Amino acid sequence: MPIKGWIEVNDLYCKGCELCVAACPQNVLALDLDQLTPKGYHPARLITAGCTGCNICAIVCPDAAITVYREARQKNKVAINA
Ligand code: SF4
Ligand code: SF4
C-alpha cells in the first residue's frame, strides 16, 4: 500500500512562487487560480491524490508555508515538519 500523505498551506505566508509545484515528485501540487491569499497571491494546493508526505515541498518553500503530514502505520496523523 502506498504511503499516504497530505499537506496544509498557510495562506498568510504563501506567495505563489510555484517552487513547491515544480519540486513535487508526484505532481500533485498547483496554484489555485480561484483563490487569493490575504497578500493577493494564488496559493499552492493539493490538486489530486498521490501525495506521499515526502516533505520536499516544505523543504523548498522559501517561506515555510507548508506543513506535511504522513499517515503512520498505526493510522495516527503525524506532523513531520511542525
Ligand atoms: S509531501 Fe512530497 S508528494 Fe506531497 S505534495 Fe509535498 S512534495 Fe508532493
Ligand atoms: S513554495 Fe511556498 S510560497 Fe511558493 S507557492 Fe509553494 S507554498 Fe507558496
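## The nonpolar core

The largest nonpolar core has 13 residues. Ile 7, Val 9, Cys 20, Cys 57 and Ile 66 touch the most other members. Strands S1 and S4 each give two or more residues to this core. All of this comes from a predicted model.

Take Ile 66. Beyond its neighbours within four places in sequence, Ile 66 is in contact with Ile 7, Val 9, Cys 20, Cys 57, Ala 58 and Cys 61.

## Two paired strands

Strand S1 covers residues 5–9. S1 and S4 run antiparallel, and five bridges join them. In one pairing, Trp 6 of S1 has Tyr 69 of S4 as its bridge partner.

Side chains in a regular strand alternate between the two faces of the sheet. Strand S4, residues 66–71, shows such an alternation. Ile 66, Val 68 and Arg 70 point to one face and are buried. Thr 67, Tyr 69 and Glu 71 point to the other face and are not buried.

## Around ligand 1

Which residues are closest to ligand 1? They are Cys 24, Cys 51, Cys 54, Ile 56 and Cys 57, out of 14 that surround the ligand. Strand S1 and helix H2 (56–60) each supply at least two residues of this shell. The shell holds nine nonpolar residues, five polar ones and no charged ones.

## Around ligand 2

Ligand 2 is surrounded by 13 residues. The closest are Cys 14, Cys 17, Cys 20, Ala 44 and Cys 61. This shell divides into nine nonpolar residues, one polar and three charged.

Two of these names also appear in the core story. Cys 20 is in the core, and Cys 61 is in contact with Ile 66.

Technical notes: Residues are numbered from 1 along each chain as its sequence is written. Chains are lettered from A and ligands numbered from 1 in the order in which they are written. This is a predicted model: local features need pLDDT of at least 70, side-chain atom pairs count only at pLDDT 80 or more; totals for chains, interfaces and linings use all residues. A residue is buried if 20 or more other C-beta atoms lie within 10 Å of its own, exposed if 12 or fewer, and partly exposed in between; C-beta atoms are placed from the backbone. Helices (H or I, at least four residues) and strands (E, at least two) are DSSP runs, numbered from the N terminus. Two strands pair if DSSP finds at least two bridges between them. A residue is near a molecule or strand if its C-beta atom, placed from the backbone, lies within 6 Å of it. Ala, Val, Leu, Ile, Met, Phe, Trp, Tyr, Cys and Pro count as nonpolar, Asp, Glu, Lys and Arg as charged, and the others, Gly among them, as polar. A nonpolar core is a set of buried Ala, Val, Leu, Ile, Met, Phe, Trp, Tyr and Cys residues joined through C-beta atoms within 7 Å. Two residues are in contact if their C-beta atoms, placed from the backbone, lie within 7 Å.
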